[in-house]
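I opened this notebook to keep track of what I looked up, one entry at a time. The sequence and the structure come before my entries.

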Amino acid sequence: MSVPTAPLDPSADTSGDAPTSPSDGAVAAPRPRPVGPSIGTGPVDRARDGARHTARRVRATGRFLVKAPGQVLGVVREATPSSVVSWTRDIALPYEHSLAAPPVGSGLRPVPGHAGDPVLGCIRDLTGDRVRWLMESNERFGPVFWQQLAGRRAVFVMGPDEAGQILVNADKDFSNDGWQELIGKFFDRGLMLLSFQEHLDHRRIMQSAFTPKRLRGYLEGMDRRISADLDASWPTEGPTTLYQRMKDLAMRVAADVFLGVELDRPSRDHLLAGFHAQPRAATEFLRMDLPGSLWGRGRNGYDDVTRWLRSQLDDKRAGDGDDLFSAMVHARDDDGSAFTDEEIVRHMNFMWFAAHDTTTLAMAMMAWGFAAHPEWQERAYAESAALGDGPLRPEDLKSLTAIELVMNEVMRLWPPVPVMVRQAVRDTALGDYYIPEGTWIAVMNPATHRLPEYWTDPDTFDPGRFEEGREEHKQHKHLYYPFGAGAHKCIGFAFAQLETKAMWHRLLLTRRFEVAPGYEPEMGWKALPEPTDDLPVTIHPR
Ligand code: HEM
């Protein structure tokens with residue numbers, strides 16, 4: 001959708017006179033007439049309010065605005081090299097509260113918000129108590145607001161209508177280039193960072209790694225690995241912490257299923273450290289390659305992982321493994337097109353990032369869900385016990401409904417991918433908000449998932465809200481989207497559900513989990529959400 005622009009109106013009220021506040025260089029305005037650079041600080045003709053105003057050029061956009069202290073009064077529409085002859089008058093807005101002035105006559109309204117901390121913008125809010133910050137912003141500004149992020153203005157979106165419009169992207173107004181700027185140093189050319197036709201072409205080929213036949217093969221492998229590791233190295237009794245333990249197991253499952261190689265312990269640890277470091281560096285504020293810095297570790301991790309992936313290509317091509325890497329090497333679309341070597345390496349590197357922390361978080365937080373709510377644990381156990389401990393088949397998974405409901409609920413409260421980043425490719429409208437070209441957009445599912453006008457007691461753990469008869473998530477198509485929506489919807493969502501069910505089926509058959517009364521996990525939101533206390537639980541044998 002593009003913005004309806006009003007034709008220049010020669011009868012528009014033009015007023016103003018002489019100098020104003022210095023431009024902050026940040027307020028964008030829609031499609032002005034070109035004016036000569038010397039008008040930058042020229043006087044504005046025909047002042048009506050007797051005040052002194054100046055037209056100033058916004059460096060970032062090349063556009064000219066008429067400003068008074070603390071306000072954008074209008075957009076220059078016509079000018080001579082020495083003075084402004086016409087400027088819009090009806091957009092007087094305190095500029096610290098509006099993203100950009102909508103075009104006159106468009107009927108659109110500006111996105112409200114504020115810059116936040118002058119240096120860090122909203123970094124502290126994003127990495128601190130993200131949910132509280134979003135819910136407070138929702139109350140103050142509504143479901144769409146802007147704040148400064150990494151030196152630029154970003155629009156944060158929480159309402160289901162607006163989230164749906166962006167993710168479905170019917171008019172192709174939003175590209176995924178926002179992701180590129182944020183994490184492109186590590187995941188350049190990963191599927192999520194591609195846009196439009198190129199993205200569709202790559203996704204079509206990749207889809208062949210997620211067919212029901214492939215998924216069946218992955219399930220067999222994961223189930224074997226999970227059973228073996230639980231038997232060999234998980235405690236059956238006593239107090240322990242669960243998050244890192246869950247991550248180690250998820251990473252081993254992923255090494256089997258994704259890479260299809262038995263790595264010795266040191267190589268596995270080395271690669272896993274590389275996979276672990278990249279997403280953490282990618283969302284780091286300090287982007288300098290200093291020794292020991294997160295950024296430096298991320299860059300080393302990237303080099304290690306991509307070098308290793310390249311070294312495996314020939315073997316993968318020669319074999320017919322069931323792993324994702326082999327599937328990618330052999331993947332063809334209907335026309336027989338395949339990926340190049342470099343594309344496979346980049347896709348595999350991103351795929352790992354997209355898959356490994358996400359499922360870990362969901363599976364780990366389910367431990368808290370089950371332990372703190374024994375009625376759900378017992379219900380899930382009964383369903384697993386009814387299946388027995390034979391090898392899991394995809395059709396068995398349908399009966400594990402309690403695991404599914406608990407998974408849904410923890411992903412509502414703590415979505416493992418807690419933001420979806422886009423960039424406006426042209427001036428456009430989001431609902432009735434005006435979004436100028438180039439704006440970063442962050443779609444915030446942690447907030448949509450807790451909007452009090454839709455969810456009953458949104459902060460309460462209540463998996464039954466997803467059950468037939470209640471189905472709160474169905475009030476709006478885009479009220480619940482832990483896996484995203486539209487063309488970029490998670491390609492691994494079925495895989496994630498298989499893995500989670502396989503893992504919890506095996507855990508529940510052999511163990512019971514308990515937490516201290518009243519214990520609530522503390523969540524950190526640095527790169528992806530993770531519990532900062534490693535999730536202390538007590539395990540009892542079944
Ligand atoms: C609980 C687990 C998971 C969650 C919550 C999750 C969530 C998401 C979300 C929200 C997106 C959309 C991002 C956007 O629109 O900007 C996404 C994309 C993606 N996910 Fe997942 N994911 C999970 C597991 C996985 C797994 C297991 C894999 C791989 C096997 C995977 C691979 C991908 C890929 C490749 C994309 C990019 C898709 C595209 O751009 O077309 N994810 N994921």
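Before the first entry I wrote down the cut-offs: a residue is buried if 20 or more other C-beta atoms lie within 10 Å of its own, exposed if 12 or fewer, and partly exposed in between. I also noted that this is a predicted model.

Entry on Asp201. I looked up where Asp201 sits and found its place in helix H5, residues 196-206. I then checked its surroundings, and because 14 other C-beta atoms lie within 10 Å, Asp201 is partly exposed. I also looked along the chain to Ala338, which is 137 residues apart from Asp201, and the C-alpha atoms of the two are separated by 10 Å.

Entry on strand E18. I asked myself which strands pair with E18, and I found that strand E10 (residues 238-241) runs antiparallel to E18 (residues 536-541), with four bridges joining them. In this pair, Thr241 stands opposite Pro536 of E18. Strand E15 (residues 511-514) also pairs with E18 in the antiparallel sense, over four bridges, and here I noted that Arg512 stands opposite His540 of E18.

Entry on the ligand. I looked up the residues around the ligand, 22 in number, and Ala354, Thr358, Gly484, Cys490 and Gly492 are the ones that come nearest. The elements that give two or more residues to this shell are helix H11 (341-372) and helix H15 (493-510), and H11 supplies the largest share, six residues. Sorting the shell by class, I recorded 16 nonpolar, five polar and one charged residues.

Methods. Residues are numbered from 1 along each chain as its sequence is written. This is a predicted model: local features need pLDDT of at least 70, side-chain atom pairs count only at pLDDT 80 or more; totals for chains, interfaces and linings use all residues. Two strands pair if DSSP finds at least two bridges between them. A residue is near a molecule or strand if its C-beta atom, placed from the backbone, lies within 6 Å of it. Ala, Val, Leu, Ile, Met, Phe, Trp, Tyr, Cys and Pro count as nonpolar, Asp, Glu, Lys and Arg as charged, and the others, Gly among them, as polar.
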